[in-house]
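Could you walk me through this structure in my viewer, one selection at a time? I would like to know what to pick next and what I will find there.

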Amino acid sequence: MHRLILLRHGESIWNHQNLFTGWYDSDLSSAGKEQAFQAGRKLKQADITCDVVLTSVLSRSIRTAWLALDGMGNISIPVYHHWSLNERHYGSLQGMNKDEARKKFGSEQVNMWRRSYKHAPPSLPEDDKRHPMWDPRYKDIDPRNLPATESLEDTFNRTIPFFKNKVTPLLVANQTVMISAHGNSLRTIIKHLMNISDQQISSINVPNAVPIVYELDNSLEICKQHEL
């Protein structure tokens with residue numbers, strides 16, 4: 001039996017302020033920090049640990065991993081970061097209040113950008129400082145590979161190759177893996193694991209700081225899935 005734990009970060013400061021966050025590096029709110037620690041406590045109470053943790057390169061994902069490990073009582077577990085696990089990039093919506101966006105573009109349009117599989121928000125121009133090419137954490141990545149906006153499909157197309165290349169071999173080697181990431185990057189992994197259709201994925205939500213535990217067979221097919 002193989003085990004995978006998916007953990008969305010705790011509430012971020014920008015979550016609390018109802019802003020489109022995307023690749024902006026908003027840290028956890030005080031409530032989010034407590035949520036992350038308690039996620040680790042829930043895993044400990046369920047007698048679930050892990051061998052390795054993978055996160056995005058965004059602070060809210062990394063700090064959630066640290067606090068969850070603290071709650072589990074084992075901060076020595078190795079943690080690795082990769083931008084492929086970043087949240088979906090929200091393009092020019094990034095930093096905008098969600099209610100203001102609905103007033104400006106209309107609720108139907110904003111809901112399409114947020115929940116559809118194939119529609120992306122308007123792109124950022126390259127000279128916009130919100131573009132990831134200006135962020136030093138991505139300085140070693142070809143700018144052509146950095147998004148100026150993303151649909152959920154675009155997020156799937158960068159997250160799942162990473163999952164197959166890096167996570168699957170760990171699972172095959174009987175390593176219990178925890179992925180501390182974001183609502184949309186985790187939705188793509190859930191879509192991949194559960195073979196969810198492009199239409200059905202729009203109804204899937206990943207709650208903040210609630211561990212989702214998957215028990216997998218030797219073919220990495222799901223035998224059991226439960227939330228703590």
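Here is a tour of this predicted model, going from the sheet to the helices and then to the pocket.

**The sheet**

Start with a cartoon view and colour the strands. You will find an open sheet of six strands in the order 3-2-4-1-5-6, with mixed pairing. Select strand 3 (79-81) and strand 6 (222-227) to mark the edges: each has a single partner strand, so one side of each is left without a neighbour in the sheet. From one strand to the next, the twist averages 20°.

**Two strand pairs**

Next, select residues 52-55 and 177-181, which are strand 2 and strand 4. These two run parallel and are joined by four bridges. To see one of the pairings, show Leu54 and its bridge partner in strand 4, Ile179.

Now move to strand 5 (212-216) and strand 6. This pair is antiparallel, with five bridges joining the two strands. Val213 has His226 of strand 6 as its bridge partner. Strand 5 and strand 6 form a hairpin with five residues between them. While you are in the turn, click on Leu220, which has a positive phi of about 60°.

**Helices across the sheet**

Add residues 59-72, helix 3. This helix lies across strand 1 (2-8), strand 2, strand 3 and strand 4, and runs at about 135° to strand 4. Then add helix 7 (183-194). Helix 7 lies across strand 1, strand 4, strand 5 and strand 6, at about 150° to strand 1.

**A helix pair**

Which helix packs with helix 4 at an angle of about 125°? Select residues 98-105 for helix 4 and 107-115 for helix 5: helix 5 is the partner, and the two axes are 7 Å apart. That angle makes helix 4 oblique to helix 5. Show side chains at the contact, where Lys98, Ala101, Arg102 and Phe105 of helix 4 meet Ser107, Gln109, Val110, Asn111, Trp113 and Arg114 of helix 5. By class, this contact has four nonpolar, three polar and three charged residues.

**The largest pocket**

For the last stop, turn on a surface. The largest pocket has a volume of about 300 Å³. It is lined by 20 residues, and the closest to its centre are Arg8, Glu87, Tyr90, Arg114 and Asn184. Which helix gives the most to this lining? Helix 7 does, with three residues. Helix 5 and helix 7 each supply at least two residues of the lining. Colour the lining by class and you will see five nonpolar, eight polar and seven charged residues.

Notes
Residues numbered from 1 in each chain as written. Predicted model: local features only at pLDDT ≥ 70, side-chain atom pairs only at ≥ 80, totals over all residues. Heavy atoms only, no water. 1 Å grid on protein atoms, 1.4 Å probe; cavity = no way out; pocket = protein on both sides within 12 Å on 5 of 7 lines; lining within 4 Å. Points joined across faces, edges and corners; volume = space filled by probe spheres on them. Nonpolar A, V, L, I, M, F, W, Y, C, P; charged D, E, K, R; others polar. Pairing = 2+ DSSP bridges. Axes fitted to C-alpha atoms, helices over the stretch in contact; angles between N-to-C directions. Contact = heavy atoms within 4.5 Å. Parallel < 35°, antiparallel > 145°, perpendicular 65-115°, else oblique.
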